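Trainee: I am new to this structure and would be grateful for a close look at a single part of it. Could you please choose one and then show how the rest of the chain is arranged around it?

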Amino acid sequence: MTDRTENEPSQAAAEPAKAGPAAGNPAPTGDLPLPTPPMPTVELVESLNSNDLHDLCDAAEAAIIDGGGFGWLRPPPRQTLEAYWKGVLLIPERMLFVARLDGVVAGSCQIQKPPRNNEAQGFACNLTTNFLAPWSRGHGLARQLIEIAEQHARAAGYRVLNLDVRETQRAAIRLYETLGYVKFGEHPFYAFAGDRYVRGAFYYKELSPLHPIAPQPGPSGPAAPEKTP
């Protein structure tokens, strides 16, 4: 039995050519396919299933440990967190937004509506309890979370959105200012953490600026300009 020589057609060469680039199939390159970027999404929720509640509590705990929590300095017991989120869903004056990365809850924020008896300030609402778990940062989710909340607040008829933030949350402050929030004040005793007071900053953003009302002409036409003596 003789060995096959280099010039002898191989069995693969003798077989009919299989579908390749000419048939619309890409030629194999040996490279692995590029990973799909994580998909960030934000939604207004009116209920939470058990998986979402679990993930939301995990994200909140991670944010609190990282120093970006919403009032808590240390993660409370899990049943306390679960009761908190369930309670939020029962408050008519709260709009709960959930941020997801590839479908997993990674953070949240809320729109707090003004009380119904406060007609003079009924045009404004508050952005509060805004946080993201550290593992979900770097994908534009923080910006998307705020922008979606703004859209819903604007659609609900609110003209101004207020917020307050600890001075130690520098990344959040940079994002707020990039999105057009205007700082209007500070509170030197805003919070107490690590045996010291933490300064707080207060911001607002006009969602629907008022346009000046044009003067209406009188019965006989436009009013004549007043003469100066």
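Mentor: Let us start at glycine 180, which comes just after helix H5 and takes a positive phi of about 95°. The model is a predicted one, and the values that follow are computed from it.

The helix that precedes this glycine, H5, spans residues 170-178. Its buried residues are Ile173, Leu175 and Tyr176. Viewed down the axis of H5, these buried residues fall within an arc of 165°, so they line one face of the helix. An α-helix has 3.6 residues a turn, so residues three or four places apart point the same way. On the other side of H5, the exposed residues are Arg170, Ala171, Arg174 and Thr178. The buried residues of H5 pack against strand E4, helix H4, strand E5 and strand E7.

H5 also takes part in the lining of the largest pocket, to which E4 (124-132), H4 (141-155), E5 (160-166) and H5 each supply at least two residues. This pocket has a volume of about 770 Å³. Its lining comprises 34 residues, and those nearest the centre are Asn130, Phe131, Gln169, Ala172 and Tyr176. Tyr176 is thus both one of the buried residues of H5 and one of the residues nearest the pocket centre. The element that gives the most to the lining is E4, with seven residues. Sorted by class, the lining holds 15 nonpolar, 14 polar and five charged residues.

Two residues near the pocket centre, Asn130 and Phe131, lead to another part of the chain, since both are among the contacts of serine 108. Serine 108 sits in strand E3, residues 104-112. Because its relative accessibility is 0%, serine 108 counts as buried. A polar atom of its side chain lies 2.8 Å from the backbone oxygen of phenylalanine 97. Apart from neighbours within four places in sequence, the contacts of serine 108 also include Leu56, Trp85, Leu96, Thr129 and Leu145.

Phe131 and Trp85 appear again as contacts of alanine 60, together with Phe70 and Leu81, when neighbours within four places in sequence are left aside. Alanine 60 belongs to helix H2, residues 50-65. With a relative accessible area of 0%, alanine 60 is buried. Its C-alpha lies 8.0 Å from that of proline 75, a residue 15 places away in sequence.

A positive phi is also found in two residues that are not glycine. Aspartate 102 has a phi near 55° and lies in the loop between strand E2 (94-101) and E3. Aspartate 195 has a phi of about 65°, and its place is in the loop between strand E6 (182-193) and E7. Both residues are exposed: the relative accessible area is 54% for aspartate 102 and 73% for aspartate 195.

These parts belong to a chain with five helices and seven strands, which follow the pattern α-β-α-α-β-β-β-α-β-α-β-β along the sequence. Of its 229 residues, 31% count as buried. Among contacts between residues at least 6 apart in sequence, 61% join residues at least 24 apart.

Technical notes
Residues numbered from 1 in each chain as written. Predicted model: local features only at pLDDT ≥ 70, side-chain atom pairs only at ≥ 80, totals over all residues. Heavy atoms only, no water. 1 Å grid on protein atoms, 1.4 Å probe; cavity = no way out; pocket = protein on both sides within 12 Å on 5 of 7 lines; lining within 4 Å. Points joined across faces, edges and corners; volume = space filled by probe spheres on them. Helix = DSSP H or I, 4+ residues; strand = E, 2+ residues; numbered from the N terminus. Nonpolar A, V, L, I, M, F, W, Y, C, P; charged D, E, K, R; others polar. Buried < 20%, exposed > 50% of the residue type's maximum accessible area, 1.4 Å probe, protein only. Polar contact = N/O pair within 3.5 Å; in protein donor to acceptor, adjacent residues only side chain to side chain. Contact = heavy atoms within 4.5 Å. Arc of directions from axis to C-beta.
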